[in-house]
Amino acid sequence: ITTGLFHFPTSLTRICRAPWGLRLWEKLTLLSPGIAVTLVQMAGKKDYPALLSLDENELEEQFVKGHGPGGQATNKTSNCVVLKHIPSGIVVKCHQTRSVDQNRKLARKILQEKVDVFYNGENSPVHKEKQEAAKKKQERKKRAKETLEKKKLLKELWESSKKVH
């Protein structure tokens, strides 16, 4: 099997998508004797093993009615999770899926990232990644602006050369 950068013999391994909340030692498991499993993290989802862990005693959880598109199925069910970290006062509201369990997991992950940024500030891996993304965006914007200026200059030169002939 060849997927992206990896090449695995089909008789030995299977590649599965791992939930992004799992730690590395939870990802490397054996399904049955003789079949090695390599779990590949889903694209765009990053693990932050160095994040601060959340204590369940410090969390206040509520389930409220959903909002947004989806009609009656969304607006009448209480599958939106509101999670509050009591010591810091950070509140996260998660209504990304119709499943309460998935929303609870997502809310905890989001809250963990926000709490880590709150306590660690610039040393947080989440903050560092956001800074890198902002820097890359700024560079792309600058390159696009330079390209646009070059195009305008070439167009002006071409127009002026047409007038000469």
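R104 is a good place to start in this predicted model: with a relative accessible area of 29%, R104 is partly exposed. Its partner is E61, and the two make a salt bridge whose closest N and O atoms sit 2.8 Å apart. R104 belongs to helix α3 and E61 to strand β6, so this pair ties together parts of the chain that are 43 residues apart in sequence. E61 also counts as partly exposed, at 27% relative accessibility.

E61 turns up in another contact as well. R108 forms a salt bridge with E61, and here the closest N and O atoms are 3.0 Å apart. Again the link runs between distant parts of the chain, with R108 in helix α3, E61 in strand β6, and their positions 47 residues apart. The salt bridges that share partners join up into one network made of E56, E61, R104 and R108.

That leaves E56 to be placed. R108 forms a salt bridge with E56 too, with 3.0 Å between the closest N and O atoms. This pair also spans distant parts of the chain: R108 is in helix α3, which covers residues 100–120, while E56 is in the loop between β5 (35–41) and β6 (59–64), and the two residues are 52 apart. Is R108 buried or exposed? R108 turns out to be buried, because its relative accessible area is 18% and the cut-off for that label is under 20%. E56, on the other hand, counts as partly exposed at 46% relative accessibility. Taken over the whole structure, the salt bridges number 3.

Next come the aromatic rings. A search of the whole structure finds 1 aromatic pair. The rings in question belong to F118 and Y119, which lie 5.1 Å apart centre to centre, with 80° between their planes, an edge-to-face arrangement. Y119 is found in helix α3, the helix that also holds R104 and R108. As for its surroundings, Y119 is partly exposed, and its relative accessible area comes to 43%.

Both rings show up once more at the surface. Which residues make the nonpolar surface patch of about 300 Å²? The patch is made by L52, F118 and Y119. F118 and Y119 thus appear in the aromatic pair and in the nonpolar patch, with L52 as the other member of the patch.

Finally, there are the cysteines. How many disulfides does the count come to? The count is 0. C80 is in no disulfide, and the nearest cysteine sulfur to it, that of C94, is 7.3 Å away. A disulfide would need the two sulfur atoms within 2.5 Å, so the separation of 7.3 Å rules this pair out. C94 is likewise in no disulfide, its nearest cysteine sulfur being that of C80. Both cysteines are tucked away from the surface by the numbers: C80 counts as buried at 0% relative accessibility, and C94 is buried with a relative accessible area of 1%.

Technical notes: Residues are numbered from 1 along each chain as its sequence is written. This is a predicted model: local features need pLDDT of at least 70, side-chain atom pairs count only at pLDDT 80 or more; totals for chains, interfaces and linings use all residues. Side-chain values use heavy atoms; hydrogens and water are left out. A salt bridge is a side-chain nitrogen of Lys or Arg within 4 Å of a carboxyl oxygen of Asp or Glu. Helices (H or I, at least four residues) and strands (E, at least two) are DSSP runs, numbered from the N terminus. Buried means under 20% relative accessible area, exposed over 50%, partly exposed in between (1.4 Å probe, protein chains only). Patches are made of residues with over 30% relative accessible area and no salt bridge: like charges are joined within 9 Å, nonpolar side chains (Val, Leu, Ile, Met, Phe, Trp, Tyr) within 5 Å. Accessible areas come from the Shrake-Rupley method with a 1.4 Å probe; for residues, only the protein chains shown count as cover. Rings of Phe, Tyr and Trp (its six-membered ring) pair if their centres lie within 6.5 Å; planes under 30 degrees apart count as stacked, over 60 as edge-to-face and the rest as tilted.
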